Amino acid sequence: MDPADHRAYGVFKPVGHMVVSFPDADSAGKGRQALEALGFERADIHPYTAEQMVAQCDADIARASPVASIGQELNLVKAYRELAERGFHWLVVHVEDDDRARRAADALQDAGAERAQHYGRFIIEEMIERPSDVRQVKESPDTGLDPQTPRGRKGTGAYAPVR
């Protein structure tokens, strides 16, 4: 997969794909196995190490158009970069439809995925639900996206924004 083929206003926007984060390489490997067990082809699963994601995010941030800040694409790139700096690994998965995306997200969450966004043409849908008692902070290009992951607050097991 060439990220250059999946851009909007200079930033990564892989329409028809899910971008899935894992806390480490082992979890990402388990995620890949779970997808293959569901019948996904290897060609539809694109792994990214933490280092690769940081490099891609840096390039996206550098070339982002001012228009990119209107939607969530730039906020997501910033959140991905922050998680990648913490060692997260990624799978970018081609999904044909919403049903396949839902089945993949459920299997990936069971395999250890912490976040998954399904990129549609007009919306980006969060595929892994987080507890509803967590207060969502205002999202803007200045504050970034709230990357609420289970490992956001060490030692408590609570879900909290990673800052």
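R42 turns up in the loop between α1 and β4. In this predicted model, R42 is exposed, because its relative accessible area of 53% falls on the far side of the 50% cut-off. Being out in the open does not leave R42 without partners, though: setting aside its neighbours within four places in sequence, R42 is in contact with R32 and E36. With E36 there is also a polar contact, side chain to side chain, at 3.4 Å. As for the wider setting, the C-alpha atoms of R42 and V93 are separated by 9.5 Å, even though the two residues sit 51 apart along the chain.

Another arginine is worth a look here. R100 lies over the face of F40, and the distance to the ring centre is 3.7 Å. As for rings facing rings, the count comes to 1 aromatic pair.

Zooming out, the protein has 4 helices and 9 strands. Walking along the sequence, these elements come in the pattern β-β-β-α-β-α-α-β-α-β-β-β-β. Of the 163 residues in the protein, 48% are buried. Contacts also reach well along the chain: taking those between residues at least 6 apart in sequence, 68% join residues at least 24 apart.

Now for the sheet. Five of the strands form an open sheet in the order β4-β5-β3-β6-β7, and the pairing is antiparallel. At the edges are β4 (45–48) and β7 (124–126), each of which pairs on one side only. On average, neighbouring strands of this sheet are turned by 20° against each other, direction ignored. Strands of a sheet pair through backbone hydrogen bonds, in either a parallel or an antiparallel way.

In the middle of that order, between β5 and β6, comes β3. On one side, β3 and β5 pair in the antiparallel sense over 6 bridges, with S21 standing opposite W90 in β5. On the other, 5 bridges join β3 to β6, and these two strands also run antiparallel; here M18 stands opposite H118 in β6. So how many residues of β3 are buried? The tally is 6 of the 6, so β3 is largely enclosed by the rest of the structure. Both faces of the strand are covered: H17, V19 and S21 are buried on one side, and M18, V20 and F22 are buried on the other. S21 and M18 thus each carry two roles in this picture, as buried residues of β3 and as residues set opposite W90 and H118.

Further out, β6 (residues 115–119) pairs with the edge strand β7 over 3 bridges, again in the antiparallel sense. Within this pairing, Y119 has I124 of β7 as its bridge partner.

Two helices can be placed against these strands. Helix α3 (residues 73–85) packs on the sheet and touches β3, β5, β6 and β7, with a direction that makes about 150° with that of β6. Helix α1 (residues 25–37), meanwhile, lies across β3 (17–22), β4 and β5 (89–94), and runs at about 20° to β5. This brings the story back to its starting point, as the loop that follows α1 and leads to β4 is the one that holds R42.

Technical notes
Residues numbered from 1 in each chain as written. Predicted model: local features only at pLDDT ≥ 70, side-chain atom pairs only at ≥ 80, totals over all residues. Heavy atoms only, no water. Pairing = 2+ DSSP bridges. Axes fitted to C-alpha atoms, helices over the stretch in contact; angles between N-to-C directions. Contact = heavy atoms within 4.5 Å. Phe/Tyr/Trp six-rings, centres within 6.5 Å; stacked < 30°, edge-to-face > 60°. Lys NZ or Arg CZ within 6 Å of the ring centre and 35° of its normal. Buried < 20%, exposed > 50% of the residue type's maximum accessible area, 1.4 Å probe, protein only. Polar contact = N/O pair within 3.5 Å; in protein donor to acceptor, adjacent residues only side chain to side chain.
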